[in-house]
Amino acid sequence: MSGCGCSKETPCEDKKSQQEKEGLIPEPERTEGNYRLYDVGYVERIKFILNCRTLNMSLNEIRQLLTYKDKPEKNCSDVNELIDLHVSAIRENIIKQQKLIEQLSDLRGTCDGLCTIDQCGVLKNLA
């Protein structure tokens with residue numbers, strides 16, 4: 001078995017990174033020893049992707065932003081529209097999460113914790 005966990009019986013499949021598989025970054029150049037070579041632009045692109053993921057952006061949103069980024073002469077109104085749509089989706093998600101908290105709080109209020117399991121209001125309401 002090799003250091004990566006692969007064996008002769010089960011050879012390693014493609015070792016591309018997730019970003020490469022999704023088409024967000026190109027395959028890096030490699031040395032004769034098959035080590036990856038990363039230039040400054042490549043590292044900056046990875047940082048950009050990671051920053052987008054930190055902001056909970058989808059792969060499609062990131063792909064679109066990278067398309068815009070690769071055309072620096074274009075107007076940035078499309079970028080702003082994409083961000084506005086992302087913010088809107090997050091707001092909708094927050095509203096759904098707040099409703100879920102209310103539902104769970106109401107459910108929790110159906111049991112004082114002093115009864116037996118067969119009398120538990122939470123379990124009865126979930127049935």
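What follows is a walk through this structure, from its overall layout to a few individual residues. Keep in mind as you look around that this is a predicted model.

Let's start with the layout. The protein chain has five helices and two strands, and, read from the N terminus, its elements come in the order α-β-β-α-α-α-α. Of its 127 residues, 17% are buried. The accessible surface adds up to about 10,300 Å², with carbon and sulfur atoms accounting for 53% of that area. As for how the chain meets itself, take the contacts between residues at least 6 apart in sequence: 22% of these join residues at least 24 apart.

Now for the inside. The largest nonpolar core is a set of ten residues, made up of Leu 24, Ile 25, Tyr 42, Ile 49, Cys 52, Met 57, Ile 62, Leu 65, Leu 66 and Leu 82. Two helices each put at least two residues into this core, namely H2 (40-54) and H3 (59-69). Met 57 is a good member to zoom in on. Leaving out residues up to four places away in sequence, Met 57 touches Cys 52, Ile 62, Leu 65, Ile 83 and His 86.

That last partner, His 86, deserves a look of its own. You'll find His 86 in helix H4, and with a relative accessible area of just 8% it is buried, because anything under 20% counts that way. Again setting aside residues up to four places off in sequence, the neighbours that His 86 touches are Leu 55, Asn 56, Met 57 and Glu 61.

Asn 56, from that list, sits in the loop between H2 and H3. Its backbone is a bit unusual to look at: Asn 56 has a positive phi of about 65° even though it is not a glycine. At 57% relative accessibility, Asn 56 counts as exposed, while His 86, which it touches, is buried. Asn 34 is another non-glycine residue with a positive phi, here about 75°. Asn 34 belongs to the loop between S1 and strand S2 (36-37).

Back towards the N terminus, Pro 26 lies in the loop between helix H1 (18-21) and strand S1 (29-30). Apart from residues up to four places away in sequence, Pro 26 touches Glu 20 and Tyr 42. Tyr 42 is one of the residues of the largest nonpolar core. Pro 26 and Tyr 42 are 16 residues apart in sequence, with 8.4 Å between their C-alpha atoms.

What about charges? Side chains of opposite charge can pair when their charged atoms come close. The structure holds one salt bridge, in which the side chains of Asp 70 and Arg 45 meet at 2.9 Å, N to O. This pair links distant parts of the chain, with Asp 70 in the loop between H3 and H4 and Arg 45 in helix H2, 25 residues apart. Asp 70 is partly exposed, at a relative accessible area of 48%.

The cysteines make for a nice puzzle. Why does Cys 115 not form a disulfide with Cys 111? The sulfur of Cys 111 is the closest cysteine sulfur to that of Cys 115, but it lies 4.0 Å away, so it is too far for a bond, given that a disulfide needs the two sulfur atoms within 2.5 Å. The story repeats at Cys 120: the closest cysteine sulfur is in Cys 111, at 3.8 Å, and that too is too far for a bond. The count for the structure therefore comes to zero disulfides. The surroundings of Cys 115 and Cys 120 are worth comparing as well. Cys 120 is buried, with a relative accessible area of 12%, whereas Cys 115 is partly exposed at 34%.

Finally, head for the surface around Ile 117. This residue is found in the loop between helix H4 (77-108) and helix H5 (121-126), and it is exposed, with a relative accessible area of 66%. Ile 117 joins Leu 123 and Leu 126 in a nonpolar patch on the surface, and together they have about 340 Å² of accessible area.

Terms used. Residues numbered from 1 in each chain as written. Predicted model: local features only at pLDDT ≥ 70, side-chain atom pairs only at ≥ 80, totals over all residues. Heavy atoms only, no water. Patch = residues over 30% accessible without salt bridge, like charges linked within 9 Å, V, L, I, M, F, W, Y side chains within 5 Å. Areas by Shrake-Rupley, 256 points an atom, 1.4 Å probe, with all protein chains shown as cover. Salt bridge = Lys/Arg side-chain N within 4 Å of Asp/Glu carboxyl O. Helix = DSSP H or I, 4+ residues; strand = E, 2+ residues; numbered from the N terminus. Buried < 20%, exposed > 50% of the residue type's maximum accessible area, 1.4 Å probe, protein only. Core = buried A, V, L, I, M, F, W, Y, C linked by side-chain atoms within 4.5 Å. Contact = heavy atoms within 4.5 Å.
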